[in-house]
Number of protein chains: 2
Amino acid sequence: MTQGFLAPSARLSSYFLPVLKENPAEAQIVSHRLMLRAGLVRQAVAGIYSWLPLGYRVLKKIEQIVREEQDRAFAHELLMPTLQPAELWRESGRYDDYGKEMLRIKDRHERDLLYGPTNEELITAIVRAEVRSYKQLPLTLYHIQWKFRDEVRPRFGVMRGREFLMKDAYSFGLDYAQARHAYNQMFVAYLRTFARMGLKAIPMRAATGPIGGDLSHEFIILAETGESEVFCHRDLLALDPLSSGVDYRRDLDPVIAPYTALYAATDEKHDAATCPVPAEQLLHTRGIEVGHIFYFGTKYSKPLGAKVAGPKGEDMFLEMGSYGIGVSRLVGGIIEASHDAAGIVWPEAVAPFKVGLVNLKPDDAQVTAAAEDLAAKLTARGVEVLIDDGDERAGAKFATMDLIGLPWQATVGPRGVKAGTVEVKNRRDGARQELSVEAAVNRLAG
Amino acid sequence: MTQGFLAPSARLSSYFLPVLKENPAEAQIVSHRLMLRAGLVRQAVAGIYSWLPLGYRVLKKIEQIVREEQDRAFAHELLMPTLQPAELWRESGRYDDYGKEMLRIKDRHERDLLYGPTNEELITAIVRAEVRSYKQLPLTLYHIQWKFRDEVRPRFGVMRGREFLMKDAYSFGLDYAQARHAYNQMFVAYLRTFARMGLKAIPMRAATGPIGGDLSHEFIILAETGESEVFCHRDLLALDPLSSGVDYRRDLDPVIAPYTALYAATDEKHDAATCPVPAEQLLHTRGIEVGHIFYFGTKYSKPLGAKVAGPKGEDMFLEMGSYGIGVSRLVGGIIEASHDAAGIVWPEAVAPFKVGLVNLKPDDAQVTAAAEDLAAKLTARGVEVLIDDGDERAGAKFATMDLIGLPWQATVGPRGVKAGTVEVKNRRDGARQELSVEAAVNRLAG
């Protein structure tokens with residue numbers, strides 16, 4: 001269910017899809033170039049982007065996959081604000097630590113606010129005020145909200161922007177066992193989330209950085225253009241994605257064991273001298289971090305005083321973890337992992353529309369009637385369609401369709417209308433077929 | 001289609017729904033009191049709220065109704081960032097005008113940013129860069145994004161918060177006719193949007209304030225606790241809500257004429273001396289502004305230089321309008337319009353769940369099996385269910401259900417299980433019925 005909440009179709013003649021024929025000079029990496037060229041985003045100011053209609057749809061589809069897999073793992077969605085009181089960060093001791101990446105703000109009454117770069121403090125404050133008993137635990141809460149980190153040199157488009165959309169979950173448990181189970185739930189949810197987006201994401205032991213704690217994995221998608229150097233056992237690539245049948249209530253150690261048993265490390269953690277993997281089985285490549293999970297125990301609950309009454313009435317500080325997915329960053333990451341010389345190649349689950357329907361002759365009443373008929377049949381079957389009903393020449397239309405990378409193209413023109421056929425092209429492999437209208441609908445709705 | 005994107009069910013025993021038995025002292029109006037008591041929101045700092053899981057669901061449902069009706073009216077969704085460059089507001093001349101309500105920010109490089117209170121400047125900058133020809137017009141774009149207005153005294157909960165969620169649409173036309181048609185499209189979309197939420201919203205001629213322009217309507221829902229005094233012809237209340245069959249491409253003057261023909265004014269615009277409505281037909285009451293639409297011509301396009309080549313190649317400045325709906329404010333507004341002594345009474349379209357399923361004896365295996373069976377049958381039919389599987393006494397459970405205001409309550413207890421029945425209660429009228437399980441499912445899924 002990632003469809004149904006966005007407009008089911010659009011027509012290029014009245015849509016807002018500004019494509020660029022040339023590569024913009026400011027874009028250094030392929031995803032940034034393609035996001036500008038395909039009219040997905042425009043920069044408002046350094047590191048801050050507007051998501052144009054096509055890009056917005058991709059963002060929302062990624063967000064919805066993340067949401068569904070969080071819900072499945074028994075996390076509950078809420079929404080914290082973008083701005084937070086500085087006071088809470090003084091309580092945790094991070095207000096001064098965080099440095100210039102934190103955007104500090106004074107309101108009209110000279111009170112200190114900040115644009116949240118993450119939400120450990122605020123969620124802990126919410127939970128400490130409302131959760132009093134161990135019976136209310138375990139509890140995992142998440143939200144999908146814009147964050148701000150004032151990068152000194154924002155670049156690579158949405159891959160390293162300043163205002164970015166993140167899913168961040170926070171788990172609260174009574175003890176290590178509950179916290180570790182929550183960690184495992186998110187570990188599994190992340191494997192499923194990225195697999196649904198058509199990505200191969202490898203969990204790697206990671207440094208904990210400013211979040212703190214002593215157990216942490218980064219989820220890294222492999223892409224030659226990635227920012228990080230990574231080393232992993234080749235067998236990790238061959239592991240099957242997890243099915244939807246995982247029972248998140250059960251012990252998940254056996255489920256994640258195949259992933260944690262095999263060596264995988266970013267270059268920060270990798271040490272050639274001690275790496276146990278024989279050279280011929282070690283994959284050395286590059287990747288993009290798209291998720292990061294942390295167990296950090298009582299690092300925040302203690303300074304903030306978040307505790308509950310335990311089974312014997314004793315005060316117990318909450319055992320916590322936090323779990324991030326870079327939602328807006330994933331749009332760039334998916335493009336880095338899935339494009340070719342002609343443009344983007346969207347995995348179907350995150351494509352802005354499933355089908356691009358090219359009307360080769362919009363001024364021909366018969367052709368247009370056939371194109372409209374096909375569009376109506378597809379939308380009736382729940383297929384999202386972008387109809388190119390504009391007056392550009394055929395070559396330009398096909399180039400735009402390849403650039404924006406919808407999974408399927410369906411072309412309706414005078415020759416096909418006479419023969420009663422539609423040309424259907426798969427964007428990924430380029431395979432074309434002439435199909436009857438009925439067969440085309442069945443193929444595209446399949 | 002407002003369902004399917006949120007988790008289909010939840011269980012109170014593991015959910016995060018902190019209800020308050022007492023009225024919080026800080027809340028002066030009923031919606032604020034009920035939003036705190038029913039666990040919908042918690043304040044992070046003055047005028048800035050976290051939306052807890054139940055409140056978040058209401059917010060998303062309202063947002064989705066707004067989205068669907070915008071899409072139907074040929075508006076295209078995009079997403080602009082929360083932060084904007086001050087530069088654009090200097091171009092329009094509003095940077096200094098806006099006063100202390102605008103939250104001004106300096107980033108690490110001492111560049112001036114601001115947290116957008118509205119988006120006329122940014123959207124005009126996007127359109128001026130991409131739209132070059134009259135053939136690309138008309139165009140209406142909208143987004144649903146958090147805004148910030150630094151109210152000097154934030155109060156009334158989300159009704160007058162500082163960080164708030166707004167839908168704002170912007171129309172771009174070649175001339176007055178196109179601009180006026182876009183205005184009418186939004187007028188009609190607003191009537192439908194509020195009607196779908198179970199609200200009677202009256203369009204009233206309004207002052208244009210800081211947005212400017214010379215044609216403007218506020219959409220006001222009637223509520224005795226409302227902030228504004230309003231005066232309107234009683235016949236406005238009797239007008240039928242618009243059906244979904246409106247064709248937004250056709251002339252909409254006749255569609256809106258019944259609304260604009262009858263007198264309606266806020267007290268700013270009302271003048272008893274010249275009011276044409278006889279006293280016995282004039283309704284004098286209070287209301288809450290939930291939408292505001294503006295036509296303002298070239299007020300922004302001229303200073304920002306947003307123009308296209310017209311049919312004869314001549315430069316033409318874009319004719320614009322803007323159209324807001326207070327999405328987060330609506331949550332409070334709906335409660336003001338729909339509550340009773342026991343709590344909230346959600347209209348079905350925006351209810352966080354449709355059914356509250358009370359398991360009276362969670363420690364009785366037979367009762368629990370029956371409750372689980374009913375929940376499974378309901379979710380299989382697409383009904384969203386909140387299951388109270390906690391161990392409070394029956395009275396407390398029913399009080400919580402009334403407080404949170406789900407449209408239907410279904411009670412499963414030992415007596416009913418023996419008889420093979422479920423008690424179904426309608427929250428609004430309080431009517432109760434003992435129904436067979438099958439009849440209950442049909443009633444609740446209907």
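In this predicted model, Val355(B) has Trp408(B) as its bridge partner in β22(B). A little further along, Val358(B) is matched with Thr411(B) of β22(B). These pairs belong to a run of five bridges that joins β20(B) to strand β22 (residues 408-412) of chain B in the parallel sense. Strand β21 (residues 385-388) of chain B is also a parallel neighbor of β20(B), this time over four bridges, and here Leu357(B) sits opposite Ile387(B).

Strands in a sheet are held together in this way through backbone hydrogen bonds, and the pairing can be parallel or antiparallel. The sheet in question is an open one with six strands, in the order β1-β21-β20-β22-β23-β24 (chain B), and its pairing is mixed. At its edges lie β1 (9-11) and β24 (432-436) of chain B, each of which pairs on one side only. From one strand to the next, the twist averages 20°.

Helices pack on this sheet too. Helix α11 (residues 394-404) of chain B touches β20, β21 and β22 of chain B, and its direction makes about 175° with that of β20(B). Helix α13 (residues 437-445) of chain B touches β20, β22, β23 (421-426) and β24 of chain B, with its direction at about 120° to that of β24(B). As for the connection between strands, β20(B), helix α10 (residues 365-380) of chain B and β21(B) form a right-handed β-α-β unit.

How exposed or buried is β20(B) in this setting? Strand β20 (residues 355-359) of chain B is mostly covered, with five of its five residues buried. That goes for both faces: Val355(B), Leu357(B) and Asn359(B) are buried on one side, and Gly356(B) and Val358(B) on the other.

Turning to the two chains, chain A can be laid on chain B by a turn of 180° and a shift of 0.0 Å along the axis, with an RMSD of 0.0 Å. This is how a two-fold axis relates its copies. Of the residues of chain A, Ile105(A) comes closest to the rotation axis, its C-alpha being at 3.0 Å.

The contact between the chains takes 45 residues from chain A and 45 residues from chain B. On the chain A side, the elements that each supply at least two residues include β2 (41-45), α2 (53-72), α5 (120-130) and β8 (139-148). By type, the chain A residues that touch chain B split into 29 nonpolar, seven polar and nine charged. Because 100% of the interface residues of chain A are also interface residues in chain B, the copies meet through the same surface.

Methods
Residues numbered from 1 in each chain as written. Chains lettered and ligands numbered in written order. Predicted model: local features only at pLDDT ≥ 70, side-chain atom pairs only at ≥ 80, totals over all residues. Buried ≥ 20, exposed ≤ 12 C-beta atoms within 10 Å, placed from the backbone. Pairing = 2+ DSSP bridges. Right-handed = clockwise from strand over helix to strand, strands pointing away. Contact = placed C-beta atoms within 7 Å. Nonpolar A, V, L, I, M, F, W, Y, C, P; charged D, E, K, R; others polar. Least-squares fit on C-alpha atoms with pLDDT ≥ 70 in both. Axes fitted to C-alpha atoms, helices over the stretch in contact; angles between N-to-C directions.
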